[in-house]
Amino acid sequence: MSFLYNLCSSSSGNATYIGTQTEGFFIDMGTGVRTVLRFLKEAQIEKRAVQGIFLTHEHSDHVKGLSTLLKYLPVPVYASRGTLLALYEKGILSNQNRMIPLNGPADIGRFIVTPYATSHDAAESVCYQIQEKNGATAAVCTDLGYVSEEIEAMLSECSTVMLESNHDREMLRNGPYPYFLKKRILSDSGHLSNAQAAQTVRTLADRNLQRVLLAHLSEHNNLPALALQSSLEAVGENACEVYVLPKWGEGRRFFL
Ligand SMILES: [Zn+2]
Ligand SMILES: [Zn+2]
């Protein structure tokens, strides 16, 4: 049975494994190689089971462990052309690596992984829908300034959604960040607030959503309880599980 396991989720590092013990892939690699290898060992996943790393964009909290990990685990890297190029220019990817540009759905073992463009201040950022052949559909959707109609339609097909709930607007406004950074985060190419996430959850809860994993919480401008409260209210009467992903994975597997 396939599961989603989040290794870390916050403004300082993001990485998620999706698959089984015998085949799967990572989405983003914003954590160190030791954390990844420890996870694989504890979850009894052999290195050869990892079929690739999908990247959402080139910001360091999503790629900082990438180049070192690829030395231990030389798997293909899937991303938009813009993201691959940005990483190549930064020297994070090189000709030694296998770079696969995504134009549309990628067929990877038991999964179809489809990128969707997000509005974020990166070269060509995306989020992903993951469809298990003859199975469940999930999404990993962080780092977006707003939820476009296309993304909302994609999320509506999913039973498990990992969704950004980055900041509480009041905490951000009154917090320590400089004005330009506050403006960036609040903009349409920044990050989703708890209220924006909750608004999306409200829509999805009436469709196929069974479980939402609130992700990418800001360490300075949010509290897990605030993110939880917003989305708990949003699911209303629907029997929908709401879970706040901690900064560091707690070893919990969410079966798809
Ligand atoms: Zn970002
Ligand atoms: Zn990020």
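The exercises below, each with a worked solution, concern a predicted model.

Local features in this predicted model need pLDDT of at least 70 and side-chain atom pairs count only at pLDDT 80 or more, while totals for chains, interfaces and linings use all residues. Residues are numbered from 1 along each chain as its sequence is written, chains are lettered from A and ligands numbered from 1 in the order in which they are written, and side-chain values use heavy atoms, with hydrogens and water left out.

**Exercise 1. Describe the site of the zinc ion (ligand 2).**

Step 1: Begin with the donors, which are N, O and S atoms within 2.8 Å of the metal (3.2 Å for Na, K and Ca), and remember that water is not among the atoms, so sites may look incomplete. The protein donors are D61 (OD), H62 (NE2), D143 (OD) and H216 (NE2), and they lie 2.1 to 2.3 Å from the zinc ion (ligand 2).

Step 2: Turn to the angles, where the four donor atoms subtend 90 to 165°, which makes the arrangement irregular. Four donors would count as tetrahedral if all angles lay between 85 and 135 degrees, and as square planar if opposite donors were over 155 degrees apart and all others between 65 and 115.

Step 3: Look beyond this ion: D143 bridges the zinc ion (ligand 2) and the zinc ion (ligand 1), which lie 3.5 Å apart. Because D143 lies in the loop between strand 10 (137-141) and helix 5 (149-156), and H216 in the loop between strand 12 (211-215) and helix 9 (224-235), the pair ties together parts that are 73 residues apart in sequence. Helices (H or I, at least four residues) and strands (E, at least two) are DSSP runs, numbered from the N terminus.

**Exercise 2. Decide whether N194 is buried or exposed, and find its contacts.**

Step 1: Recall that buried means under 20% relative accessible area, exposed over 50%, and partly exposed in between (1.4 Å probe, protein chains only). N194, in helix 8 (residues 194-205), has 3% relative accessibility and therefore counts as buried.

Step 2: List the contacts (heavy atoms within 4.5 Å). Leaving aside neighbours within four places in sequence, N194 is in contact with residues including S165, N166, H167 and D168, and also N222 and S230.

**Exercise 3. Find the edges of the open sheet of seven strands.**

Step 1: Write down the order, 6-5-4-3-2-1-14, with mixed pairing; two strands pair if DSSP finds at least two bridges between them.

Step 2: Strand 6 (99-101) and strand 14 (254-255) stand at the edges, each with a single partner strand, so one side of each is left without a neighbour in the sheet.

Step 3: Check one pair: strand 5 and strand 6 run parallel and are joined by three bridges, and Y78 has I100 in strand 6 as its bridge partner.

Terms used
Tetrahedral: all angles 85-135°; square planar, octahedral: opposite > 155°, others 65-115°.
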